Amino acid sequence: MTSTSPKDIYKLLAILIIAIFTFLVFAQAAKKFTLDELDFPIVAKATSETGTPIYYRGEYRPEHLGLYHPPLYIYALAADIKIFGFSENTVRAFGLACVLLTAYLILILGRKFIPPEDFETYGAAFLSLFLLNPYTVANATLPDIDSTILPPLITLFILFLFNGKNTATLTVVFAVLLWTKLTTPLALIPFAFLYWLALRESFNRVLWRTVRVFGGGGAIFLLTYFIYCKSLDLPFAYTFGFLLHSFVKGSASTGFFALATRVWENLGYAKNLILAITSGLAFLFSTSLFLFSSQASTFDGRRNITFILFFSAAVTIFYCSLIAPFGGFFKYPFAVFQFFCMGAALVFLESIKRLKGTRIQQVAPILVLVIILISSLLQMHYGRDSSDFATNIHVSKAVLIIIGAIIAIVFILAPRSSFSGKSTAAMMLFVFAVTIGSGATMARYQAQAPFPTKYSYGQMGMDETVAYLKANLKKGEVIWSMKDIGFYSGNRYIENYDTFFNPEPREKIAHMVRSGVRFFVATQGIGEDRIDAYPEVRVALESCCRLDKNFGNFYIYVPR
C-alpha cells in the first residue's frame, strides 16, 4: 500500500480551496446588480445584440455610449452573454473564470522564484490567501474591468517580462492592456524600466527598449482604437475625455493644501480596504515588502519579488490617494491584489523553512488547521463581516499594531537559525492561519448575506421594492429611481441621481408629477440617493408626493 506524499496532499488541498471559492461565488452570484455593478453588464448585453456599445441609461440618456474605458472588457463580456445568455449568474461566472486564470498565472510566475521542492507548499498557501479572501470573492462577483480581465493581463505582462520575452511580444501585450484600461497599465512603464536597469544594462539601451515597448504599444492601441471608432461611427475622443474628467473630479482642489487635505481624507478611507482584505494579510504583505527589500541583492529571484511588491504597493497607494471609493467599495487595487497574496504566501514559506527540523514544523499542518478553525469560530462570534473585532474583545488596536511591528522587525532582522528568528516564524504561521480562518468566514457570511456586499454594503429592501414596482407599473410607464431599480423594474426610468445635484429639485420633481410619473423611489440610511442626506430633495419630494411604501432602505413615493 503506497502512502500519500506531501505533494499529493497539497494538490488535493488546492482542489479543495478552488472548490470552496467556487461555492462562495455561486452562493451569491444571483444577487441583483447594485449601482455601478449594472453598467458593464447592460452595455455588454446591448453590445451582444448590436455589436456597438450603446445602451439605454434612462430617459435622459436613451442611447448612452458605454465607452468609459476602451471596450475590450465589454466585448469579452458580450461574448460570454451571447454564448450563455444574460443573467447575474453568467456575468459573474466570467469574473470567477478571470480570478482563477489570475491565480494560475501567479502560480506559473512563482516557479521562477520558488525551489521545486517548496512549490506545492507555496501554491497551497497562495491559493488559500487569495481565493478564500473576502476581497477576492467580492471582486469575483463584481462585473468590472479591475476585477476581471485586468489582473490576469497585468500578471501575464510581468510573467513575459521576467521570462525575457522579446520586445514585440511585450509591445502587443501592452497594447492589449490599453484596450482594457488607460490608467493602471501605465504603472508598468516605470516598473519595466527599473527592472531592465537592475539587469545592469546601459541606461541608453534600457531607455530605447522602454520607448519601443511602451511607445510602440501605445501607438498600436491608438491606431487600432481610431480605426475601431471610425468604423462604428463612434467619437474617438470620448474615452479620453471621460478619463480626464474622472481624474479632475478625483483630485480637484483650489491649492496645494486643499489637495493634500483631499488626499489625506481619501487615504483615511483606505483603512476600510485593509479591514476588507483582513488586517492579517496586510500585516503579512508589509512584512514581505521589507523582508525581500532587505534581501534584494542576494539573488535575482528576491530582487524580482521586491519589484513586484513595490509595484503593487505603489498602485494601491496611488488609487487610495486619488479616489474616494464610490458606494463604499475599493475596486481599483484588486488589479494588483494577487501580488499582495503572493508576498504573504512567501512569508509563510519563509516561516516554514526557518522552523525546519523543529517540533513545531512536524505538527505545523495540524496546528495551522486548528488555528484556522478557532479563528473561524471567533470571527463568527465577534467579527462576522469585519476583521475589526479588536474593539469587541476589548483589545487596543494601537497595542496590536505595536506588537505586530515588533514581531515583523525581529522576523526580518533576526538570523534564521536563532531563537528569535524561529519564534517569530511561529508567530507568522499563527497570523497566516488566523488570516485564512477569519477571511474565509467573512467571505461565507457575505455570500449568505441578503444584502449587497460591494456597493451600498448592507442595503436592504431592493428585491421587495422591485417586486412591488413590477406588480403596480403599467407597461411603458416611467419611474424616478436609481439606475439599478429602474433596470430591474423592466420599465423606462428617469435616473434620480441627476435631481440630487439640480439647483431646483422642487420644480424638477413637480414637472415629473405633471408629466405623469407615478412612482418616485429613493433611499434612506444606505444608498447614493439618500434623501436623509439631501434634505432639499426630501422637502421637494414631500411637497408634491406622499410615502406609499417602505422596504428596508427604500422609500416609494407617489403623487398626492
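Is Lys181 buried or exposed? I began my notebook with this question about a predicted model. I looked up the accessibility of Lys181 and found 2%, so I put the residue down as buried.

**Entry on Lys181**

I placed Lys181 in the loop that runs between helix H8 (167-180) and helix H9 (188-198). I then looked for a polar partner and found Asp146, whose side chain makes a polar contact of 2.6 Å with the side chain of Lys181. Leaving out residues up to four places away in sequence, I listed what Lys181 touches: His69, Pro70, Ile145, Asp146, Leu150, Tyr319 and Tyr332. Asp146 is thus in my list of touching residues and is also the polar partner.

**Entry on confidence**

I checked how far the predictor trusts its own model. The protein chain has an average pLDDT of 87, and 91% of the residues score at least 70. I also noted residues 389-394, where pLDDT stays under 50. For that stretch I wrote down nine contacts beyond four places in sequence.

**Entry on H9 and Phe311**

Which residues of H9 are buried? I wrote down Leu188, Phe191, Ala192, Phe193, Tyr195, Trp196 and Ala198. Two of these names came back when I turned to Phe311, whose contacts include Leu188 and Phe191.

Phe311 sits in helix H14 (residues 300-322). Its relative accessibility is 6%, and the cut-off for buried is under 20%, so I counted Phe311 as buried. Apart from neighbours within four places in sequence, I found Phe311 in contact with Ile154, Ile158, Ala187, Leu188, Phe191, Val336 and Phe339. I looked at Ala187 again for its place in the chain: Phe311 and Ala187 are 124 residues apart along the chain, yet their C-alpha atoms are separated by 7.7 Å.

**Entry on two positive phi angles**

I noted that most residues other than glycine have a negative phi. I then looked at two residues that go the other way.

Arg200 comes just after H9 and has a positive phi of about 65 degrees, although Arg200 is not a glycine. I found Arg200 in the loop between H9 and helix H10 (203-231). Arg200 has 75% relative accessibility, so I marked it as exposed.

Leu35 is not a glycine either, and has a positive phi of about 50 degrees. Leu35 is in the loop between helix H1 (6-26) and helix H2 (39-50). With a relative accessible area of 3%, Leu35 is buried. My two cases therefore part on accessibility, with Arg200 exposed and Leu35 buried.

**Entry on Ser128**

Which backbone oxygen does the side chain of Ser128 reach? I found that of Ala124, at 3.0 Å. Ser128 is in helix H5 (residues 119-131) and is buried, with a relative accessible area of 8%. Residues up to four places away in sequence aside, Ser128 touches Ile17, Asn133, Phe432 and Ile436.

**Entry on Ile81**

I looked up Ile81 in helix H3 (residues 72-84). At 6% relative accessibility, I counted Ile81 as buried. Not counting residues up to four places away in sequence, Ile81 touches Pro41, Ala44, Lys45, Ser48, Phe86 and Val91. I also took one long separation: Ile81 and Gly490 are 409 residues apart in sequence, and their C-alpha atoms are 19 Å apart in space.

**Entry on Leu473**

I found Leu473 in the loop between helix H19 (462-472) and strand S3 (478-481). Leu473 has a relative accessible area of 14% and is buried. Neighbours within four places in sequence aside, Leu473 is in contact with Ile479, Ser489, Asn491, Arg518 and Phe519. Leu473 and Leu413 are 60 residues apart in sequence, and I noted 68 Å between their C-alpha atoms.

**Entry on H22 and H23**

At what angle do helix H22 (residues 505-514) and helix H23 (residues 535-544) pack? I wrote down about 35 degrees, with the axes 8 Å apart. The crossing of H22 and H23 is right-handed. On the H22 side, I listed Pro505, Arg506, Ile509, Ala510 and Val513 in the contact. On the H23 side, I listed Glu536, Val537, Ala540, Leu541, Ser543 and Cys544. Sorted by class, the contact has eight nonpolar residues, one polar residue and two charged residues.

Conventions
Residues numbered from 1 in each chain as written. Predicted model: local features only at pLDDT ≥ 70, side-chain atom pairs only at ≥ 80, totals over all residues. Heavy atoms only, no water. Axes fitted to C-alpha atoms, helices over the stretch in contact; angles between N-to-C directions. Helix = DSSP H or I, 4+ residues; strand = E, 2+ residues; numbered from the N terminus. Left-handed = near helix turned anticlockwise from the far one by under 90°. Contact = heavy atoms within 4.5 Å. Nonpolar A, V, L, I, M, F, W, Y, C, P; charged D, E, K, R; others polar. Buried < 20%, exposed > 50% of the residue type's maximum accessible area, 1.4 Å probe, protein only. Polar contact = N/O pair within 3.5 Å; in protein donor to acceptor, adjacent residues only side chain to side chain. pLDDT = per-residue confidence, 0-100.
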